[in-house]
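Subject: Structure for you, with notes

Hi,

Here is the structure I promised to pass on. My notes on it follow underneath, so have a look at it first and then read on.

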Amino acid sequence: TEGPLHEEMRRRTRTWLWALLAVIAGISLWTALAQPQIAERWFSVPNLYFFLPVPLLVVLVAGLLLRSLQRGHHVAPFLLTLALVFLGYSGLGISIWPNVIPPDTSIHEAAAPPQSLGFTLVGTLFIIPIILAYTAFSYWVFRGKVRPGEGYH
């Protein structure tokens, strides 16, 4: 969009960014307080040095997102929001790994038998390119801004 609607969404994005950061911080603190082994994983040396880039990147990306909103960029806020969500999931993955159901069901215990995984892999190898092609086509068809008076609306 353009004009007043675009400006309103930029304004709302600032508010929702702070809400997203609060949720990321809340979940991060809750997981560390709820499970001592998670707190130990994050805050013990040398793990602290390996995992410190995740929260630092969250702060950096949030700052870049705020700056891109101030400057009126159009694509950067979308990409930076995707980066924030990716970093949030990365932090959660680091926290619970290798358990998929904390505190004691590991990814290996929860996995299906090898034959089922192999069958699923073959199906995935065929369907993922189709999904990616369709998604790329959809983004291409609906690219650009919607301007008042254009199209059917």
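Let me begin with a term: a salt bridge here is a side-chain nitrogen of Lys or Arg within 4 Å of a carboxyl oxygen of Asp or Glu. Please keep in mind that this is a predicted model, in which local features need pLDDT of at least 70 and side-chain atom pairs count only at pLDDT 80 or more, while totals for chains, interfaces and linings use all residues. Residues are numbered from 1 along each chain as its sequence is written, and side-chain values use heavy atoms, with hydrogens and water left out.

**Salt bridges**

The structure holds three salt bridges. One of them pairs the side chains of Arg10 and Glu7, at 2.8 Å from N to O. These two residues are three apart in helix α1, so about one helical turn separates them. (Helices are DSSP runs of H or I with at least four residues, strands are runs of E with at least two, and both are numbered from the N terminus.) 

How exposed are the two partners? I use buried for under 20% relative accessible area, exposed for over 50%, and partly exposed for anything in between, with a 1.4 Å probe and protein chains only. Arg10 counts as buried because its relative accessibility is 13%, whereas Glu7 is partly exposed at 44%.

Glu8 forms a salt bridge with Arg11, where the closest N and O atoms are 2.5 Å apart. Both residues lie in helix α1, three residues apart, which is about one turn of the helix. Glu8 also forms a salt bridge with Arg12, with 2.9 Å between the closest N and O atoms. Here the partners are four residues apart in helix α1, so they too are separated by about one helical turn. Through these shared partners, the salt bridges join Glu8, Arg11 and Arg12 into one network. As for accessibility, Glu8 is partly exposed at 24%, Arg11 is partly exposed at 44%, and Arg12 is partly exposed at 42%.

**Around His6**

His6 is found in helix α1 as well. With a relative accessible area of 14%, His6 is buried. Which residues does His6 touch, not counting residues up to four places away in sequence? They are Thr1, His74 and Lys145, where contact means heavy atoms within 4.5 Å. His6 and His74 are 68 residues apart along the chain, and 9.4 Å separates their C-alpha atoms.

Gly72 makes a similar case for looking at the fold in 3D: the C-alpha atoms of Gly72 and His6 are separated by 9.5 Å, with their positions 66 residues apart along the chain. Gly72 lies in the loop between α4 and α5, and at 19% relative accessibility it counts as buried.

**Nonpolar cores**

By a nonpolar core I mean a set of buried Ala, Val, Leu, Ile, Met, Phe, Trp, Tyr and Cys residues joined through side-chain atoms within 4.5 Å. The largest one has ten residues: Leu17, Leu21, Val58, Val61, Ala62, Leu65, Leu69, Leu80, Leu84 and Leu87. The elements that contribute two or more residues to this core are α1 (3-34), α4 (53-70) and α5 (76-96). Helix α4 gives the largest share, five residues. One of the core members, Val58, touches Leu21, Leu84 and Leu87, not counting residues up to four places away in sequence. Apart from this core lies another, of five residues, among them Ile38, Trp42, Phe51 and Val54. As background, nonpolar side chains tend to be buried together in soluble globular proteins.

**Cis peptide bonds**

Most peptide bonds are trans, so you may like to look at the next two. A cis peptide bond joins Val45 and Pro46, with omega about 10°. Pro46 is found in the loop between α2 (36-43) and α3 (47-51). The peptide bond from Trp97 to Pro98 is also cis, with omega near -5°. Pro98 lies in the loop between α5 and β1 (99-101).

Pro98 turns up again in the contacts of Ser106, which touches Pro98, Asn99 and Val100, not counting residues up to four places away in sequence. Ser106 is found in strand β2 (residues 105-106) and counts as buried, at 13% relative accessibility.

Happy browsing, and best wishes!
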